[in-house]
Amino acid sequence: MDVNAPIALVGAGYRDREGAVDDFTSVWSNRHDGDFHHTAVAVLTRDCAGALHVERHNSTAKHLQWGGALLGSALVVLAPAAGVELLAGVGWSGAGALIGHFRRHTDPEELAQIGGLLHGGGAALVVVVVNRNAGDVNPWLTRAHEQGSVDLPWGDLEEELSADFAHPAFDRILVGT
């Protein structure tokens with residue numbers, strides 16, 4: 001992957017679930033437009049206690065060793081409980097590298113702003129695209145009442161993923177190495 005390839009992390013807030021589902025469908029339908037590598041998208045809805053949960057998700061990267069972590073890691077950064085819930089189901093492989101990459105290459109205030117808008121409405125949508133800018137995705141979110149995004153570089157992510165696979169953080173924590 002080109003070290004200059006962009007990764008876009010997009011979050012959108014919705015007044016209702018139907019708007020988020022419509023935009024989920026829009027993003028998924030448009031994933032082939034232009035030059036891209038991977039698209040991952042999730043609809044988040046609230047339970048009766050107000051906690052966000054992943055209602056539905058899909059990813060073109062799911063066949064890769066780190067594929068589940070592309071979306072799960074973005075969610076951990078923006079809506080931690082929902083991210084952990086998703087990663088528990090799809091696997092943690094690569095999550096440490098991706099979470100670290102998102103945190104190192106993004107302004108914490110921007111991440112907090114996006115995370116805040118996910119919690120502000122009745123439903124939310126999170127989109128991660130590789131080799132696309134957020135400006136390419138934002139027009140597909142026609143039902144969102146607010147949205148935020150960051151673009152970051154692919155950079156040394158392949159090296160970070162390789163190191164994570166060689167010495168997963170979770171293995172180090174569990175065995176104390």
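These legends accompany several close-up views of a predicted model.

**View 1. Strands β2 and β3 run side by side in the antiparallel sense.** Look for β2 at residues 38–46 and β3 at residues 52–59. Seven bridges pair the two strands. To find your place across the pair, start at A40, which stands opposite S59 in β3. As you follow either strand, keep a general rule in mind: side chains in a regular strand alternate between the two faces of the sheet.

**View 2. The hairpin of β2 and β3 includes G50, with its positive phi.** Five residues sit between the two strands here. What is the phi of G50 near? G50 takes a positive value near 90°.

**View 3. A salt bridge links E55 to R17.** The closest N and O atoms of this pair are 2.8 Å apart. Where do the two partners lie? E55 belongs to strand β3, while R17 belongs to helix α1, which spans residues 17–29, so the contact ties together parts that are 38 residues apart in sequence. Are these residues buried or exposed? E55 is partly exposed, with a relative accessible area of 32%, and R17 is also partly exposed, at 33%.

**View 4. E55 forms a salt bridge with R56 as well.** In this pair the closest N and O atoms are 3.8 Å apart. R56 counts as partly exposed, at 30% relative accessibility. Which residues are joined into one network by salt bridges that share partners? They are R17, E55 and R56. You can trace this network by starting at E55 and following its salt bridge to R17, then going back to E55 and on to R56.

**View 5. D22 and R143 meet through their side chains in a salt bridge.** From N to O, the distance is 2.2 Å. D22 lies in helix α1, and R143 lies in the loop between α6 (134–137) and β5 (146–153), so this pair ties together parts that are 121 residues apart in sequence. D22 is partly exposed, with a relative accessibility of 38%. R143 is partly exposed too, and its relative accessible area is 38%.

**View 6. Here is the wider picture: how many salt bridges does a search of the whole structure find?** The search finds five. Among them are the pairs you have just met: E55 with R17, E55 with R56, and D22 with R143.

Conventions. Residues are numbered from 1 along each chain as its sequence is written. This is a predicted model: local features need pLDDT of at least 70, side-chain atom pairs count only at pLDDT 80 or more; totals for chains, interfaces and linings use all residues. Side-chain values use heavy atoms; hydrogens and water are left out. Two strands pair if DSSP finds at least two bridges between them. Helices (H or I, at least four residues) and strands (E, at least two) are DSSP runs, numbered from the N terminus. A salt bridge is a side-chain nitrogen of Lys or Arg within 4 Å of a carboxyl oxygen of Asp or Glu. Buried means under 20% relative accessible area, exposed over 50%, partly exposed in between (1.4 Å probe, protein chains only).
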